[in-house]
Number of protein chains: 2
Amino acid sequence: MSTQFDQVSVIKKANIYFDGKCVSHTVLFADGTKKTMGVIFPSSLTFNTGAPEVMELNAGKCRIRLKGEENWTTYEGGQSFDVPGNSSFDIETLETLDYVCHFG
Amino acid sequence: MSTQFDQVSVIKKANIYFDGKCVSHTVLFADGTKKTMGVIFPSSLTFNTGAPEVMELNAGKCRIRLKGEENWTTYEGGQSFDVPGNSSFDIETLETLDYVCHFG
């Protein structure tokens, strides 16, 4: 997979969530879709989703528990996981995550 | 000034410096120049420069001392400052900085 996105627009202003535990920048594509590129520092957080998401991990390690599930699944750099829309997931970041989040 | 960069490439992988106190993403322009978009969390750091830089602050507040200077100067969101090439600067971030760094 390519290491960069080409012919895109990027929003200058960063998205800072959870008191800085999550930082991302938004990338806009010509087809109207968007992605965020970001980092999550070691923490235990809950993210809510609007659109369905695919979280692609460039680096790091985390445990994920989707809403309504009992079990945690571990993911690390090179892997990705899907999250349904209008839902949420708990994420325990064990090693700083470098990620790209794909929406829709 | 525009709130976004258009027709650019962005590197997916984040740049993480100083144990996460500074996080940025690299933006590549068609003319061969690059910029980084990032965040610096409250901290006292020293950055070395290769190319000359212009630090454009979207938000936050910091004090800067260029190499060889005695005095500190305060900058905040909406302002920018220049740093010579092959030099360094001390930066005390008082409120989380959201910045764009222009090189060359």
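How much area do chain B and chain A bury between them? About 2400 Å², with 62% of it on carbon and sulfur atoms. Keep in mind that this is a predicted model.

Let me stay with that interface. In chain B, the residues that lose the most area to chain A are B:Val10, B:Lys12 and B:Met37. Together they account for 29% of what that side buries. In terms of contacts, 30 residues of chain B touch 30 residues of chain A.

Now the symmetry. Chain B can be laid on chain A with an RMSD of 0.0 Å. The operation is a turn of 180 degrees, with a shift of 0.0 Å along the axis. The two copies are thus related as by a two-fold rotation axis. Which residue of chain B comes closest to that axis? B:Gln7, with its C-alpha at 2.3 Å. The contact surfaces agree as well. Of the interface residues of chain B, 100% are also interface residues in chain A, so the copies meet through the same surface.

Next, the polar side of the interface. How many salt bridges does the rule find across the interface of chain B and chain A? Four. One salt bridge is between A:Lys13 and B:Asp98, and there the closest N and O atoms are 3.7 Å apart. The rule also finds 15 residue pairs in polar contact across the interface, both partners being at pLDDT 80 or more.

Which elements of chain B supply two or more residues to the side that touches chain A? They are β1 (4-11), β3 (22-28), β4 (34-40), β6 (53-66) and β9 (88-103). The strand β1(B) gives the most, with eight residues.

On to the cysteines. A disulfide is a covalent bond between the sulfur atoms of two cysteines. Over all chains, the structure holds zero of them. Take A:Cys62, which is in no disulfide. The nearest cysteine sulfur belongs to A:Cys22 and is 12 Å away. The disulfide cut-off is 2.5 Å between sulfurs, so a pair at that separation does not count. A:Cys62 has a relative accessible area of 0%, so this residue is buried. In chain B, look at B:Cys22. This cysteine is in no disulfide either. Its nearest cysteine sulfur is that of B:Cys101, at 9.1 Å. B:Cys22 also counts as buried, at 0% relative accessibility.

Two more residues, one per chain. A:Thr73 lies in strand β7 of chain A, residues 73-76. Its relative accessibility is 33%, so A:Thr73 counts as partly exposed. Which residues does A:Thr73 contact, leaving aside neighbours within four places in sequence? A:Cys62, A:Arg63 and A:Ile64. That list brings back A:Cys62, the buried cysteine. As for A:Thr96, this residue is 23 residues from A:Thr73 along the chain, and their C-alpha atoms are separated by 17 Å.

Over in chain B, B:Ser87 sits in the loop between β8 (80-83) and β9. Is B:Ser87 buried or exposed? Buried, because the relative accessible area is 15% and the cut-off for buried is under 20%. Not counting residues up to four places away in sequence, B:Ser87 touches B:Phe47, B:Asn48, B:Thr49 and B:Lys67.

To recap. Chain B and chain A are related as by a two-fold rotation axis. They bury about 2400 Å² between them. Four salt bridges cross the interface, and the structure has zero disulfides.

Key
Residues numbered from 1 in each chain as written. Chains lettered and ligands numbered in written order. Predicted model: local features only at pLDDT ≥ 70, side-chain atom pairs only at ≥ 80, totals over all residues. Heavy atoms only, no water. Least-squares fit on C-alpha atoms with pLDDT ≥ 70 in both. Contact = heavy atoms within 4.5 Å. Buried < 20%, exposed > 50% of the residue type's maximum accessible area, 1.4 Å probe, protein only. Buried area = accessible area lost by both parts, 1.4 Å probe. Salt bridge = Lys/Arg side-chain N within 4 Å of Asp/Glu carboxyl O. Polar contact = N/O pair within 3.5 Å; in protein donor to acceptor, adjacent residues only side chain to side chain. Helix = DSSP H or I, 4+ residues; strand = E, 2+ residues; numbered from the N terminus.
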